[in-house]
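User: I am new to reading protein models. Can you walk me through one, starting with the empty spaces inside?

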Amino acid sequence: MSTLTTPPNGCSPRDDAAQLHKALKGLRSDTAKIVNILAHRDSEQRDLIQQAYETSFSEPLYKRISTDLHGHVKRALKLWLHDALTRDAIIIRKALTSSPVVDYQAVNEIICSRTPSQIRRFKDAYLSTYHSNLDEDLDKQLSGDHKKLLVAYITIQRYEGPELDEALVQQDAQQLYKSADKKIGTDEKTLIRIFSERSSTHLAAVSSAYKASFGTPLEKALKQQASGLFLRGLLTILRCAINPSMYFAKILRKAIKGMGTGDTRLIRVIVTRTEIDMQYIKEAYLTKYGKPLSVAVRSDTSGHYRDFLLQLLGSDY
């Protein structure tokens, strides 16, 4: 469920474009005005505003914001301007080409939390934007079983519906248990096959069946079988299958707590989930940590950047 609020009586893209142009004119941009408009427009409305802006002022709004704004609020607004599929493609591209090392957290998060249909569409967006195949770029930038898992995950067509084959669920639980046989070593091929071929509904059922049959949570078993980036990929797929809202709540917690805020992660999660399931993520955060997400964001951010994120998060009531 989205937390985005839009004007009840609609809005005019041409009027919004004119107001944004006025806010971006002069020596000092009216950032508050820009935030107040864009934080309350959905993806279709933002696209129409950008078309109207370029038609009226012969300049892309994205470029003007890049030039006139600064800091975290600029980064957040620029990401927000894109549609969801292009945004995912941009995040993955930046993560794969970041220096000095790949941003593996971002790569895992975007790929392993998306549905098969979302993956197919953002792969198309990636190709049209960068004239490069995501499969090939993952093959170049990743390595080992982590690479095999993610390449399989974005290429294999998985079922997205709610139906289950209970016999197959039990079979997979048994095979995952056997894959951990210490006498012969971990069977990575079995892990990759099950985690890349099965639906989220199926994996959640396998997790329950595994615990019921063997008395150990599947996540704990995975931690004994795998390690490093491969384990992180497996856990992301499993956690998003079981409870995606809690997965993102925990990611946000990690971004906020400790010394300094992980602003890249904070921006990425809030901007990408606002129009999808942020209300459920807020509820999961409150349940897990005992305080509203907005309170945590308010205490760790400031200025127009804070205002923008809080407006995307919406009311706590």
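Analyst: Start with the largest cavity. This is a predicted model. Helix α8 gives the largest share of the cavity's lining, with 3 residues. Two elements give two or more residues to that lining: α8 and α10 (144–155).

User: How is such empty space found, in general?

Analyst: A probe the size of a water molecule is rolled over the atoms, and it shows where empty space is left. Here the count comes to 1 cavity of 30 Å³ or more. The volume of the largest cavity is about 40 Å³.

User: Which residues line the largest cavity?

Analyst: The lining is made of Pro116, Ile119, Arg120, Tyr153, Ile154, Ile156, Gln157 and Arg158. Sort them by class next. You get 5 nonpolar, 1 polar and 2 charged residues.

User: What does a pocket add to this picture?

Analyst: A cavity is a space the probe cannot get out of, while a pocket is open. In this model the largest pocket holds about 400 Å³ of space. Its lining has 15 residues. Nearest the centre are Arg75, Leu79, Ile91, Lys94 and Thr264.

User: Which helix gives the most to the lining of the largest pocket?

Analyst: That is α6, with 4 residues. Three helices each supply at least two residues: α5 (71–81), α6 (84–97) and α17 (263–273). By class, this lining has 7 nonpolar, 3 polar and 5 charged residues.

User: And how many residues line the second largest pocket?

Analyst: There are 22 of them. Ser113, Arg114, Thr115, Pro116 and Ser200 lie nearest the centre of this pocket. The helices α8 (116–130), α13 (200–214) and α15 (228–242) each give two or more residues to the lining. The space in this second largest pocket is about 310 Å³. Its lining divides into 9 nonpolar, 7 polar and 6 charged residues.

User: Pro116 has come up before. Where?

Analyst: Good eye. Pro116 also lines the largest cavity.

User: Now zoom out. How many helices and how many strands are in the chain?

Analyst: The chain has 20 helices and 0 strands. Its radius of gyration is 21 Å, close to the 20 Å that the globule rule gives for 317 residues, so the chain is as compact as a globular protein of that length. The C-alpha trace spans about 70 × 45 × 40 Å along its principal axes.

User: How do I judge what is hidden and what is on the surface?

Analyst: Use relative accessible area. Under 20% is buried, over 50% is exposed, and in between is partly exposed. In this chain, 46% of the 317 residues are buried. The exposed area of the chain is about 15,600 Å², and carbon and sulfur atoms supply 50% of it.

User: Why is helix α7 called largely enclosed?

Analyst: Count its buried residues. In α7 (residues 104–112), 8 of the 9 are buried, so the rest of the structure largely encloses this helix. The buried ones are Gln105, Ala106, Val107, Asn108, Glu109, Ile110, Ile111 and Cys112.

User: Let me try single residues. Is Thr190 buried or exposed?

Analyst: Thr190 is at 12% relative accessibility, so it counts as buried. Thr190 sits in helix α12. Beyond its neighbours within four places in sequence, Thr190 is in contact with Gln175 and Ser179.

User: And what about Thr186?

Analyst: Thr186 is in the loop between α11 (166–178) and α12 (188–197). Its relative accessible area is 23%, so it is partly exposed. Set aside neighbours within four places in sequence, and Thr186 is in contact with Ser179, Leu191 and Gln225.

User: How do I see the chain folding back on itself?

Analyst: Look for residues far apart in sequence but joined in space. Thr186 and Ala226 are 40 residues apart along the chain, yet their C-alpha atoms are separated by 7.6 Å. For the chain, take contacts between residues at least 6 apart in sequence: 69% of them join residues at least 24 apart.

User: One last feature: backbone angles. Which value should I look at for Ser58?

Analyst: Look at phi. For Ser58 it is near 55 degrees, a positive value in a residue other than glycine. Ser58 lies in the loop between α3 (43–57) and α4 (61–68). At 67% relative accessibility, Ser58 is exposed. Now take His131, where phi is also near 55 degrees. His131 lies in the loop between α8 and α9 (134–141). With 70% relative accessibility, His131 counts as exposed.

Definitions and conventions
Residues are numbered from 1 along each chain as its sequence is written. This is a predicted model: local features need pLDDT of at least 70, side-chain atom pairs count only at pLDDT 80 or more; totals for chains, interfaces and linings use all residues. Side-chain values use heavy atoms; hydrogens and water are left out. On a 1 Å grid over the protein atoms alone, a cavity is a set of points where a 1.4 Å probe fits but cannot get out, and a pocket is an open set with protein on both sides within 12 Å along at least five of seven lines; lining residues have an atom within 4 Å of a point. Grid points are joined across faces, edges and corners, and a volume is the space filled by probe spheres set on the points. Ala, Val, Leu, Ile, Met, Phe, Trp, Tyr, Cys and Pro count as nonpolar, Asp, Glu, Lys and Arg as charged, and the others, Gly among them, as polar. The radius of gyration is taken over C-alpha atoms; the globule rule is 2.2 Å times the number of residues to the power 0.38. Buried means under 20% relative accessible area, exposed over 50%, partly exposed in between (1.4 Å probe, protein chains only). Contact means heavy atoms within 4.5 Å. Accessible areas come from the Shrake-Rupley method with a 1.4 Å probe; for residues, only the protein chains shown count as cover.
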